[in-house]
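Trainee: I'd like a close look at one helix and at what surrounds it. Could you walk me through that part and then through the rest of the fold?

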Amino acid sequence: MATREHRPYHEHITTDPEILAGKPVVRDTRIPVGVVLDYLANNPNFDDLFADYPRLTREDVRACLAFARSAS
(Lines give C-alpha, C1' and ligand atoms only; values in the text may rest on other atoms or scores of the structure.)
Protein backbone atom coordinates (compact mmCIF):
# COMPACT_ATOMS: atom_id res chain seq x y z
CA MET A 1 0.00 0.00 0.00
CA ALA A 2 1.29 3.48 -0.88
CA THR A 3 2.17 5.87 1.88
CA ARG A 4 1.12 9.49 1.95
CA GLU A 5 4.55 10.51 0.72
CA HIS A 6 3.81 8.60 -2.48
CA ARG A 7 0.34 10.12 -2.86
CA PRO A 8 0.75 13.84 -3.48
CA TYR A 9 -3.00 14.14 -3.96
CA HIS A 10 -4.03 12.85 -0.50
CA GLU A 11 -4.83 16.29 0.89
CA HIS A 12 -7.22 17.06 -1.96
CA ILE A 13 -8.76 13.73 -2.98
CA THR A 14 -10.83 11.52 -0.72
CA THR A 15 -13.05 8.47 -0.90
CA ASP A 16 -15.93 7.74 1.42
CA PRO A 17 -18.40 4.92 0.87
CA GLU A 18 -21.20 7.28 1.93
CA ILE A 19 -20.32 9.93 -0.68
CA LEU A 20 -21.04 9.02 -4.30
CA ALA A 21 -20.70 5.31 -3.50
CA GLY A 22 -17.02 5.69 -2.64
CA LYS A 23 -15.91 7.31 -5.89
CA PRO A 24 -12.85 9.54 -5.44
CA VAL A 25 -13.94 13.16 -5.01
CA VAL A 26 -12.29 16.48 -4.39
CA ARG A 27 -12.20 16.89 -0.61
CA ASP A 28 -15.03 18.93 0.91
CA THR A 29 -16.98 18.80 -2.35
CA ARG A 30 -19.05 16.24 -4.16
CA ILE A 31 -17.10 16.80 -7.37
CA PRO A 32 -15.83 13.43 -8.63
CA VAL A 33 -12.25 13.23 -9.86
CA GLY A 34 -13.60 11.58 -13.01
CA VAL A 35 -15.74 14.61 -13.80
CA VAL A 36 -12.73 16.93 -13.54
CA LEU A 37 -10.63 14.64 -15.75
CA ASP A 38 -13.40 14.22 -18.35
CA TYR A 39 -13.96 17.96 -18.40
CA LEU A 40 -10.29 18.65 -19.05
CA ALA A 41 -10.11 15.93 -21.70
CA ASN A 42 -12.94 17.60 -23.61
CA ASN A 43 -12.11 21.22 -22.82
CA PRO A 44 -8.61 21.89 -21.45
CA ASN A 45 -9.47 25.51 -20.65
CA PHE A 46 -8.95 26.03 -16.92
CA ASP A 47 -10.91 29.29 -16.92
CA ASP A 48 -13.98 27.41 -18.17
CA LEU A 49 -13.45 24.65 -15.62
CA PHE A 50 -13.22 27.12 -12.73
CA ALA A 51 -16.24 29.05 -14.00
CA ASP A 52 -18.31 25.84 -14.05
CA TYR A 53 -16.87 24.52 -10.76
CA PRO A 54 -15.98 27.60 -8.67
CA ARG A 55 -15.15 25.51 -5.59
CA LEU A 56 -12.18 23.92 -7.37
CA THR A 57 -8.67 25.27 -6.94
CA ARG A 58 -5.60 24.78 -9.08
CA GLU A 59 -4.24 22.50 -6.34
CA ASP A 60 -7.41 20.40 -6.57
CA VAL A 61 -6.92 20.00 -10.33
CA ARG A 62 -3.25 19.09 -9.86
CA ALA A 63 -4.33 16.50 -7.31
CA CYS A 64 -6.87 15.05 -9.76
CA LEU A 65 -4.15 14.72 -12.39
CA ALA A 66 -1.75 13.13 -9.88
CA PHE A 67 -4.49 10.71 -8.84
CA ALA A 68 -5.04 9.72 -12.47
CA ARG A 69 -1.30 9.20 -13.00
CA SER A 70 -1.09 6.97 -9.92
CA ALA A 71 -4.04 4.85 -11.07
CA SER A 72 -2.50 4.08 -14.46
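Mentor: Here is a walk through helix α1, followed by its surroundings. A quick word on the ground rules: this is a predicted model, where local features need pLDDT of at least 70 and side-chain atom pairs count only at pLDDT 80 or more, while totals for chains, interfaces and linings use all residues. Numbering starts from 1 along each chain as its sequence is written, and side-chain values use heavy atoms, with hydrogens and water left out.

First, the layout. The protein has three helices and two strands, in the order β-β-α-α-α from the N terminus on. Helices (H or I, at least four residues) and strands (E, at least two) are DSSP runs, numbered from the N terminus.

Now to α1, residues 33-42. V33, V36, Y39 and L40 are buried there; buried means under 20% relative accessible area, exposed over 50%, and partly exposed in between, with a 1.4 Å probe and protein chains only. These four sit on the same side of α1 because they cover an arc of only 130 degrees around the axis, taken from the directions from the helix axis to the C-beta atoms. On the face turned away from that buried side you'll find the exposed residues D38, A41 and N42. As for partners, the buried residues of α1 pack against β1, β2, α2 and α3, with contact meaning heavy atoms within 4.5 Å.

Let's follow those partners, starting with α2, residues 46-52. F46 and F50 form an edge-to-face aromatic pair there, 6.0 Å centre to centre with 65 degrees between the planes. Rings of Phe, Tyr and Trp (its six-membered ring) pair if their centres lie within 6.5 Å; planes under 30 degrees apart count as stacked, over 60 as edge-to-face and the rest as tilted. The two are about one helical turn apart, because four residues separate them in the helix. F50 counts as buried at 19% relative accessibility, whereas F46 is partly exposed at 28%.

Next comes α3, residues 58-71. F67 in this helix pairs with Y9, in the segment before β1, across 58 residues of chain. That pair is edge-to-face too, at 5.1 Å centre to centre and 80 degrees between the planes. Y9 is buried at 10% relative accessibility, and F67 is partly exposed at 21%. The structure holds three aromatic pairs, these two among them.

Helix α3 also carries the one salt bridge found in the whole structure, where the side chains of R62 and E59 meet at 3.8 Å, N to O. The cut-off is a side-chain nitrogen of Lys or Arg within 4 Å of a carboxyl oxygen of Asp or Glu. R62 and E59 are three residues apart, so about one helical turn separates them. E59 is partly exposed, at 41% relative accessibility.

The loops deserve a glance as well. A21, in the loop between β1 and β2, has a positive phi near 55 degrees without being a glycine, and is exposed at 73% relative accessible area. D28 lies in the loop between β2 and α1; its phi is positive as well, about 65 degrees, and D28 is not a glycine either. D28 counts as exposed at 63%.

Zooming out, 26% of the 72 residues count as buried.
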